[in-house]
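Hi everyone, thanks for coming. Let me put today's structure on the screen, and we can walk through it together.

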Amino acid sequence: MTGTNTYTAADLQYVIGEVWGPMVNDAYFAKTVFANWFLDLSELLAAQGGDILHIADIYTNPLTSAAKSAASEVTLVSPATAEVQLAVNTHRHVAFVLEDLEMANLTKSFNITQKLFAQAGKVVADDLEDALAALWSGLGQSIGDTGTVVEDKEIRQTIEALEDNDTPMEDVAWFIHPTVFWHQIMNIARYYDAQQAGWTGKSTPIMSGNFGDFDTSRGLKGVLYGRPVFSSTNVVGALQTYRNMLAHKDAFAFATKGDNRVRLQSEYKLENLGQLFVADSRYGVIENYDTHACLLNANTTDISS
């Protein structure tokens, strides 16, 4: 016979213990790839001060040659110089106060103060990544559109666009959204099928062949046609299109104020009877060499066949 008056959890709620483990589920962010790749001019501003950095430009109007005729003077040229202006005019921050009572009551094993402070720094660092990724909108070269599913031909066309402008290809890298990398690029048979690619003795996907070794600690997915592939969710996705890029190190430039890209500060606030924590970053970004980067548009949902 089944008992009908057994204890329930509700009956025992004041004698059933609860355990708080020592771990905290952290928030995760995309690896820093844009700021680690592109031209960092922070030291120039730090040495001289100011909020605008003028970058001299002699590539927009380059020197030109002329034919030399016998017994004639040389032809003189004087193309006008230009400039790129990098303004450090963005200031982003995360701030919070933990008052004395709450600080005293916090479970010590969580180290929640340090974890919140670290998260604040990552949020601000991610702002700079977003700003650099958003420079796609000024690029004059692009391959594909909203309906494009990236195939090998788009990859090769993007490389060609840079080589047609004599871009130094040894300092060029891909910036690809993870969806495009895994759904489209890694679904191109010639990239993973050893037989199609012509590698003898290989029957496994070419993670250590054409794509090279992965390095997830810095967002590196390997090497494609000799160029490193960085994957980041900070690659802009809007209007059903991911704005992937192939770019030279000097295509974009940025500068930050201070000794570090992200500044972490804390002080006691008597008026709040609590500790104030602030993470902030002061920076500016600019497109530096338009011809040395190319946009690779890709549909946000389609998978290549």
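I'll talk about a strand pair, then some salt bridges, and then a charged patch on the surface. Please keep in mind that this is a predicted model.

Let's begin with strand β7, residues 220-224. Is β7 largely enclosed or not, and why? Since 4 of its 5 residues are buried, β7 is largely enclosed by the rest of the structure. Its partner is strand β8, residues 227-231; the two run antiparallel and are joined by 4 bridges. Within that pairing, L224 stands opposite R227 in β8. The hairpin has 2 residues between the strands, and there Y225 takes a positive phi near 50°.

Now to the salt bridges. How many does the structure hold? There are 7. One of them joins the side chains of D40 and R261, at 3.7 Å from N to O. This pair links distant parts of the chain, 221 residues apart: D40 sits in strand β1, and R261 in the loop between β11 and β12. D40 is partly exposed, at 35% relative accessible area, and R261 is partly exposed too, at 29%.

Another salt bridge brings D280 and R263 together at 2.7 Å, N to O. D280 is in strand β13 and R263 in strand β12, so the pair ties together parts 17 residues apart in sequence. Here D280 is buried, at 4% relative accessibility, while R263 is partly exposed, at 31%.

There is also a network of salt bridges linking E267, K269 and E271.

Last, the surface: E160, E163, D164 and D166 form a negative patch. D164 lies in the loop between α5 and β6 and, at 55% relative accessibility, counts as exposed.

Note on methods:
Residues are numbered from 1 along each chain as its sequence is written. This is a predicted model: local features need pLDDT of at least 70, side-chain atom pairs count only at pLDDT 80 or more; totals for chains, interfaces and linings use all residues. Side-chain values use heavy atoms; hydrogens and water are left out. Patches are made of residues with over 30% relative accessible area and no salt bridge: like charges are joined within 9 Å, nonpolar side chains (Val, Leu, Ile, Met, Phe, Trp, Tyr) within 5 Å. Accessible areas come from the Shrake-Rupley method with a 1.4 Å probe; for residues, only the protein chains shown count as cover. A salt bridge is a side-chain nitrogen of Lys or Arg within 4 Å of a carboxyl oxygen of Asp or Glu. Lys and Arg count as positive and Asp and Glu as negative; His and the chain ends are not counted. The place of a charge is taken as NZ of Lys, CZ of Arg, CG of Asp or CD of Glu. Buried means under 20% relative accessible area, exposed over 50%, partly exposed in between (1.4 Å probe, protein chains only). Two strands pair if DSSP finds at least two bridges between them.
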